[in-house]
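Biologist: I would like to learn how to read a structure like this one. Could you take me through some features, one at a time?

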Amino acid sequence: GDDVTADYLKEVFDRRTAYAEGLNVTYSPLNGTGYKLVPEILKRMKVAKLDIVTEQSLPDGHFPTCPYPNPEKAEALKLGLECSAANGSDILIATDPDCDRVGIAVRTKEGMKLMTGNEVGVLLSDYLLMRKKENGTLPVNPVIVKTIVTTELVRKVAAPYGAEIKDVLTGFKYIGDVIGKLEKKGEENRYVLGFEESYGYLSGTYVRDKDGVDGAYMICEMFSYYATKGISLLDKLDELYKTYGYCLNTLHSY
């Protein structure tokens, strides 16, 4: 019912520490379920301009414009990238058909550049820890949860904040299990972020799975925050590499 939708959107929106004013976004739900809630959360975030990829804007299980609608695959984002370029967007956001994973591309001088789940996860970890410290909401012994196949760079990024990194098996249900165990001990406020290299992110304890709506809002807030300081996400990533050491991630599918 609408009451569930309203409560859910409030949970996501109440986590913001800033708005995304001035941000131009192209969004694709890849013919899936994100077509209502992602645009709604981005409007609440006050994005300046929101363009939705027309051909992929409504649910269609035949996926006529991308044979494999997975935001991890560059070919799935081909139409979104073309629309982003035509729209002059700062960022492309694409959620997979069940709207639990988020792929992004950001504008550079050379055109739109795709970013990996490891890169975005590290940036979000650093951003959330930094913002919580700034506004006095960083818990004692904060927790970030990642899967065992996800980048180790986050361990170095989290160390200055005294954050504990918990490694779990592949599958977001294991990240959800960590949240459940923290909750049983009355320590759920320690949870800051859970993420996996396959584009899954969750910053709250209100659900126990990766959440594309939450991911989309976090990414746009982070992008906008750094943009006000004249810093791109790629600039910030380079800064982290210079501080903690360069980390190259590759994925091989056999």
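Modeller: Let's begin with a salt bridge, in what is a predicted model. The general idea is a side-chain nitrogen of Lys or Arg within 4 Å of a carboxyl oxygen of Asp or Glu. Here, the side chains of Arg-208 and Glu-183 form such a bridge, at 3.2 Å from N to O. The pair ties together distant parts of the chain, 25 residues apart: Arg-208 sits in the loop between strand 9 (200–202) and helix 7 (212–227), and Glu-183 in helix 6.

Biologist: Are Arg-208 and Glu-183 buried or exposed?

Modeller: Neither word fits, because partly exposed covers what falls between under 20% (buried) and over 50% (exposed) relative accessible area. Arg-208 has 33%, so Arg-208 is partly exposed. Glu-183, with 39%, is partly exposed.

Biologist: How many salt bridges does the structure hold?

Modeller: There are 23 salt bridges. One of them joins the side chains of Glu-164 and Arg-190, with 2.9 Å from N to O. That pair also links distant parts of the chain, 26 residues apart, with Glu-164 in strand 7 (residues 164–168) and Arg-190 in the loop between helix 6 and strand 8 (191–196).

Biologist: Why does Arg-190 count as buried?

Modeller: Arg-190 counts as buried because its relative accessibility is 13%. Its partner Glu-164 has a relative accessible area of 32%, so Glu-164 is partly exposed.

Biologist: What is the distance between the closest N and O atoms in the salt bridge of Glu-187 with Lys-185?

Modeller: Those atoms are 3.9 Å apart. With 26% relative accessible area, Glu-187 is partly exposed, whereas Lys-185 counts as exposed at 56%. Salt bridges that share partners can be followed from residue to residue, and here they join Glu-164, Lys-166, Lys-185, Glu-187 and Arg-190 into one network.

Biologist: Let's move to helices. How do I describe two that pack together?

Modeller: Two packed helices are described by the angle between their axes and the distance between the axes. Take helix 1 (residues 2–13) and helix 2 (residues 37–44): their axes are 11 Å apart and the packing angle is about 50 degrees. Helix 1 is therefore oblique to helix 2. The crossing of this pair is right-handed.

Biologist: At what angle do the axes of helix 2 and helix 7 cross?

Modeller: Helix 2 and helix 7 cross at roughly 30 degrees, and their axes come within 9 Å. Angles under 35 degrees count as roughly parallel, so helix 2 is roughly parallel to helix 7. The crossing of helix 2 and helix 7 is right-handed.

Biologist: What should I know about backbone phi angles?

Modeller: Most residues other than glycine have a negative phi, and most peptide bonds are trans. A positive phi in such a residue is therefore a departure from what most residues have. Leu-30 gives us a case, with a positive phi near 50 degrees. Leu-30 lies in the loop between strand 1 (24–28) and helix 2, and counts as buried at 0% relative accessibility. Phe-63 has a positive phi too, near 45 degrees.

Biologist: Where is Phe-63?

Modeller: Phe-63 is in the loop between strand 2 (49–52) and helix 3 (78–87). At 19% relative accessibility, Phe-63 counts as buried, because the cut-off for buried is under 20%.

Biologist: Which residues make the nonpolar surface patch?

Modeller: Ile-148, Val-149, Leu-169 and Tyr-174 make a nonpolar surface patch of about 350 Å². Tyr-174 belongs to helix 6 (residues 172–184) and, at 31% relative accessibility, counts as partly exposed.

Biologist: Last topic: distances along the chain and in space. How far apart are the C-alpha atoms of Val-140 and Gly-162?

Modeller: Their C-alpha atoms are separated by 8.1 Å, while the two residues are 22 residues apart along the chain. Val-140 is in the loop between helix 4 (117–134) and strand 6 (143–147), and counts as exposed at 67% relative accessibility. For another pair, take Asp-3 and Val-157, which are 154 residues apart along the chain and have C-alpha atoms separated by 39 Å. Asp-3 lies in helix 1 and, at 53% relative accessibility, counts as exposed.

How values were computed
Residues are numbered from 1 along each chain as its sequence is written. This is a predicted model: local features need pLDDT of at least 70, side-chain atom pairs count only at pLDDT 80 or more; totals for chains, interfaces and linings use all residues. Side-chain values use heavy atoms; hydrogens and water are left out. Patches are made of residues with over 30% relative accessible area and no salt bridge: like charges are joined within 9 Å, nonpolar side chains (Val, Leu, Ile, Met, Phe, Trp, Tyr) within 5 Å. Accessible areas come from the Shrake-Rupley method with a 1.4 Å probe; for residues, only the protein chains shown count as cover. Helices (H or I, at least four residues) and strands (E, at least two) are DSSP runs, numbered from the N terminus. Buried means under 20% relative accessible area, exposed over 50%, partly exposed in between (1.4 Å probe, protein chains only). Axes are lines fitted to C-alpha atoms, for helices over the stretch in contact, and angles run from 0 to 180 degrees between N-to-C directions. Angles under 35 degrees count as roughly parallel, over 145 as roughly antiparallel, 65 to 115 as roughly perpendicular and the rest as oblique. A crossing is left-handed if the near helix is turned anticlockwise from the far one by less than a right angle, and right-handed if clockwise.
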